[in-house]
Amino acid sequence: MTTTVSPLTNPATRESITMPEPHVAALAVQKSYRKGEHAVPVLHGVDISVRRGEFLSIIGQSGSGKSTLMHLIGLLDTPDVGEVQLEGQRIDDLPARTRDELRNRVFGFVFQFYHLLPELSLMENVLTPLMIRHSIWGYWQRRREFQERAKEMIDRVGLGHRLTHKPSELSGGEMQRAAIARALVARPEILLADEPTGNLDAKTGREIIDLISRLNEKERLTIIMVTHDKSIAAEAHRTVKLCEGRIESLTDAA
Ligand code: ADP
Ligand code: MG
């Protein structure tokens, strides 16, 4: 009988099998919230790393900290301990302004309840990330180009006939499509989708997932998606479960 040394543990070969650097990663992150006198721990040391072009889903019970984790990864909040890295560089401790710029440039967000601005038309809602990114003057100079880009994105999510509609005039599925167009108009590298189908019926939810999957395949967009629904989660390349503030792997990397 011969014994073979695992390539994973053999220092001679370790170099050649090193995985590509993660696109985005959370390393040993901990987060607590204050409730009166007490700190209530939510994340107890979460490790998660996502490759460029990967589509990862996160499942877990309500209250397990899925949204908290998404907020930390997307620089909407900061961890108490641990770090968030983009291409191996720490990003959670950057000065506020740099973080804001990075968030706007790198991440697109889709939420369960859409978070569209009710006073704005679909077109205006989709344009908001570009308005935020550019100065008033810079935006004004390039407004035609940006309007074209927004229109193209809206066409891609199948809402070209709804440009001037307000969110209240759209169905749930249409609002989520609009939110996806808004998330993508500024050409982010990473889409963070927090229960994007949580408020939709099964058929509409399936259409939204098909749209998200196509974006992943065609654009090689890195996607992290939180969902309650195991059949929705199964559309991703890999699923992890957040359980009592820690990550468990459910499926292997594709
Ligand atoms: P999930 O998305 O998995 O349902 P969350 O990340 O939203 O879970 O919340 C995890 C826990 O943290 C819950 O107990 C929730 O009540 C608490 N929590 C979340 N956000 C806050 C906050 N801003 N302040 C205080 N507690 C919070
Ligand atoms: Mg949540």
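By class, the shell around ligand 1 comprises 2 nonpolar, 7 polar and 1 charged residues. The tour of this predicted model starts at that shell.

**Stop 1: the shell of ligand 1**

Select ligand 1 together with Tyr33, Val42, Gln61, Ser62, Gly63, Ser64, Gly65, Lys66, Ser67 and Thr68, the residues that surround the ligand. Next, colour helix H2, residues 66-73: this helix gives the most to the shell, with 3 residues.

Three distances may then be displayed. A polar backbone atom of Gly63 lies 2.7 Å from an oxygen atom of the ligand. For Ser64, a polar backbone atom is 3.2 Å from a ligand oxygen. At Lys66 the side chain takes part: one of its N or O atoms is 2.8 Å from an oxygen of ligand 1. With a surface drawn, note that ligand 1 taken alone exposes 560 Å², of which the protein buries 59%.

**Stop 2: Leu75, after H2**

Follow the chain from H2 into the loop that leads to strand E4 (81-86), and select Leu75 there. The phi of Leu75 is near 60°, a positive value in a residue that is not glycine. Is Leu75 buried or exposed? Its relative accessibility is 0%, so Leu75 counts as buried.

**Stop 3: Tyr114, before H4**

Move to the loop between strand E6 (107-110) and H4, where Tyr114 is placed. Tyr114, although not a glycine, also has a positive phi, of about 65°. With a relative accessible area of 7%, Tyr114 is buried, because the limit for that class is under 20%.

**Stop 4: the largest nonpolar core**

In soluble globular proteins, nonpolar side chains tend to be buried together. Here, select Ile154 and Ile180: of the 40 residues in the largest nonpolar core, these two touch the most other members. The elements that each supply at least two residues of this core are helix H4 (122-133), helix H6 (143-156), helix H7 (172-184), strand E7 (190-194), helix H8 (202-219) and strand E8 (222-226). Which of them should be coloured first? H7 is a suitable choice, as the largest share of the core, 7 residues, comes from H7.

Centre the view on Ile180 and show its contacts. Leaving aside residues up to four places away in sequence, Ile180 touches Val110, Val157, Ile208, Leu211, Ile212 and Leu215.

**Stop 5: the second core**

Finally, select Ala26, Leu43, Ile91 and Phe107. These residues are among the 28 of a second nonpolar core, which is separate from the one above.

Methods:
Residues are numbered from 1 along each chain as its sequence is written. Chains are lettered from A and ligands numbered from 1 in the order in which they are written. This is a predicted model: local features need pLDDT of at least 70, side-chain atom pairs count only at pLDDT 80 or more; totals for chains, interfaces and linings use all residues. Side-chain values use heavy atoms; hydrogens and water are left out. A nonpolar core is a set of buried Ala, Val, Leu, Ile, Met, Phe, Trp, Tyr and Cys residues joined through side-chain atoms within 4.5 Å. Buried means under 20% relative accessible area, exposed over 50%, partly exposed in between (1.4 Å probe, protein chains only). Helices (H or I, at least four residues) and strands (E, at least two) are DSSP runs, numbered from the N terminus. Contact means heavy atoms within 4.5 Å. A residue is near a molecule or strand if one of its heavy atoms lies within 4 Å of it. A polar contact is a pair of N or O atoms within 3.5 Å; within protein, one must be able to donate a hydrogen and the other to accept it, and residues adjacent in sequence count only if both atoms are side-chain atoms. Accessible areas come from the Shrake-Rupley method with a 1.4 Å probe; for residues, only the protein chains shown count as cover. Ala, Val, Leu, Ile, Met, Phe, Trp, Tyr, Cys and Pro count as nonpolar, Asp, Glu, Lys and Arg as charged, and the others, Gly among them, as polar.
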